[in-house]
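Here are a few short exercises for getting to know a new structure. Have a look at it first, then work through the solutions step by step.

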Amino acid sequence: SVLDIGIGNGEIARHCREGASGTTFFVEGADISQELLSKHASLYDHTRALNVDAVGWTKELDRTYDIVVASELVEHLFRPDIFLRQIQEVLSPGAYLVLSTPNLLLWSNRIKVLFGKHSYSDAGVFEWGHIHLFSWPFLIRLFSENHLDIVATHHLMHPKFLNPLHANLPAGLFAFQFIVLLKKES
């Protein structure tokens with residue numbers, strides 16, 4: 001069972017449906033946007049409008065999940081720390097949380113800020129909707145403080161031609177987007 005929080009364009013559900021030959025998935029989509037849920041409802045077994053920034057939101061779910069995907073979500077939350085604590089309530093034993101978020105301290109962002117070129121826009125790291133931005137050391141600390149272990153990473157690098165080297169380059173400097181596989185602390 002998969003919970004896709006912040007469904008975007010439905011790509012997680014689409015991937016579960018197309019890439020899982022012979023495997024049966026129950027895929028639930030949760031988003032604050034009823035418009036997105038309606039638009040992509042056919043990709044999901046179930047959808048629900050849900051504000052994961054509200055305390056106690058997990059009580060609205062009636063099951064646990066083997067995989068929870070929070071793609072490009074935590075930067076939009078007022079309290080990502082509370083979200084990370086609460087999400088564990090809906091993880092089945094041995095379940096995984098897949099989380100992605102942009103890197104505040106990507107080398108190109110550092111240069112922009114150094115030369116006073118920082119500005120907000122409709123896309124990118126400095127998108128209008130981003131409430132919190134994360135560095136790699138801070139994200140690691142946030143996971144640790146909320147009793148989540150990093151199982152694996154596969155960051156998207158900038159520039160893209162560096163992607164094959166993602167495991168060898170410092171994530172805090174070259175990752176455009178952090179992608180992390182997490183589990184509850186053992």
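**Exercise 1.** Is Asp45 buried, partly exposed or exposed?

*Solution.* Keep in mind that this is a predicted model. Start with the number: the relative accessible area of Asp45 is 42%. Next, bring in the cut-offs: buried means under 20%, and exposed means over 50%. Asp45 therefore counts as partly exposed.

**Exercise 2.** Find the salt-bridge partner of Asp45 and work out what the pair ties together.

*Solution.* Asp45 pairs with Arg17, and their closest N and O atoms are 2.8 Å apart. Now place each partner: Asp45 sits in the loop between helix 2 (34-40) and strand 3 (46-49), while Arg17 belongs to helix 1, so the salt bridge ties together parts that are 28 residues apart in sequence. Arg17 is partly exposed too, at 34% relative accessible area.

**Exercise 3.** Compare that with the salt bridge between Glu28 and Arg48.

*Solution.* Here the closest N and O atoms are 2.5 Å apart. Glu28 is in strand 2 and Arg48 in strand 3, so this pair links parts that are 20 residues apart in sequence. Then check the accessibility: Glu28 has 0% and counts as buried, and Arg48, with 15%, counts as buried as well.

**Exercise 4.** Describe the salt bridge between Glu145 and Arg141.

*Solution.* First, the distance: N to O, it is 3.0 Å. Second, the spacing: the two residues are four apart in helix 5, which means about one helical turn separates them. Third, the exposure: Glu145 is partly exposed at 47%, and Arg141 is partly exposed at 45%. To step back, the whole structure has six salt bridges.

**Exercise 5.** Which residues line the second largest pocket, and what classes do they belong to?

*Solution.* Begin with the space itself, about 190 Å³. Its lining is made of Ile12, His15, Cys16, Phe25, Ile67, Val69, Tyr96, Val98 and Leu181. Sort them by class and you get eight nonpolar, one polar and no charged residues. Helix 1 gives the most to this lining, with three residues.

**Exercise 6.** Now do the same for the largest pocket.

*Solution.* Its volume is about 570 Å³. There are 28 lining residues, and those closest to the centre are Ile5, Gly6, Ile7, Gly8 and Ser71. By class, the lining has 14 nonpolar, nine polar and five charged residues.

Notes:
Residues are numbered from 1 along each chain as its sequence is written. This is a predicted model: local features need pLDDT of at least 70, side-chain atom pairs count only at pLDDT 80 or more; totals for chains, interfaces and linings use all residues. Side-chain values use heavy atoms; hydrogens and water are left out. On a 1 Å grid over the protein atoms alone, a cavity is a set of points where a 1.4 Å probe fits but cannot get out, and a pocket is an open set with protein on both sides within 12 Å along at least five of seven lines; lining residues have an atom within 4 Å of a point. Grid points are joined across faces, edges and corners, and a volume is the space filled by probe spheres set on the points. Ala, Val, Leu, Ile, Met, Phe, Trp, Tyr, Cys and Pro count as nonpolar, Asp, Glu, Lys and Arg as charged, and the others, Gly among them, as polar. A salt bridge is a side-chain nitrogen of Lys or Arg within 4 Å of a carboxyl oxygen of Asp or Glu. Buried means under 20% relative accessible area, exposed over 50%, partly exposed in between (1.4 Å probe, protein chains only).
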